[in-house]
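Here's an informal look at how the helices in this one pack together. Have the structure open as you read.

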Amino acid sequence: MPKTKLNPQFIKTMKETLETEKVKLETELSKFTKKNPNVDGDFEATYPEYGDKSDENAQEITQYLTNKPLEMQLEKMLRDVNKALKNMEDGSYGMCKYCDEPIEEKRLEARPTSGACVSCKKTLTQEV
Ligand SMILES: [Zn+2]
């Protein structure tokens, strides 16, 4: 496992950012999901209960269909945050997973969960 070459102070700042983000995501998820007790880090969108009238039922379905993609999106973000925090523990945070070079601090500031440096990302997404 390559050791992080980033400034420890910078890592500390990023860790605080990630931890704040984690709390935010979990709070957001807890509003309309419940934790899946069988799978760690998995959330299930709960079915809203507005009432038994047909328009209320229709509203419940609409809400559920809105919640589901949001749940998946937040869940993915939370997974990335947890992964980044875990990488900080083993010292691989901030290293590009493709070229093993440190990721630009500016990029990490903009997107703390980045796993690839700008040039690798560009190569991958063909935005040359
Ligand atoms: Zn790279």
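Let's begin with α1 (8–30): its 23 residues should span 33 Å at 1.5 Å a residue, and its end C-alpha atoms are indeed 33 Å apart, so the two agree. The expected span here is 1.5 Å times one less than the number of residues. Helices (H or I, at least four residues) and strands (E, at least two) are DSSP runs, numbered from the N terminus.

A caveat: this is a predicted model, so local features need pLDDT of at least 70 and side-chain atom pairs count only at pLDDT 80 or more, while totals for chains, interfaces and linings use all residues. Residues are numbered from 1 along each chain as its sequence is written.

Here are the two helices and their buried residues (20 or more other C-beta atoms within 10 Å of their own, C-beta atoms being placed from the backbone).

| Helix | Buried residues |
|---|---|
| α1 | M14, L18, L25 and L29 |
| α2 | E71, L74, L78, V81 and A84 |

The cover over α1's buried residues includes β1, β2, α2 and α3 (105–110). For α2, the cover includes α1, β1 (33–35) and β2 (43–45).

Helix α2 (residues 54–90) has 37 residues and reaches 53 Å between its first and last C-alpha, close to the expected 54 Å. Next comes G91, with a positive phi near 85°.

Now the inside. The largest nonpolar core (buried Ala, Val, Leu, Ile, Met, Phe, Trp, Tyr and Cys residues joined through C-beta atoms within 7 Å) has 15 residues, and L25, L29, L78, V81 and I103 have the most contacts inside it. Both α1 and α2 supply at least two residues of this core.

Leaving aside neighbours within four places in sequence, L29 is in contact (C-beta atoms, placed from the backbone, within 7 Å) with F43, E71, L74, E75 and L78.

Key:
Buried ≥ 20, exposed ≤ 12 C-beta atoms within 10 Å, placed from the backbone. Contact = placed C-beta atoms within 7 Å.
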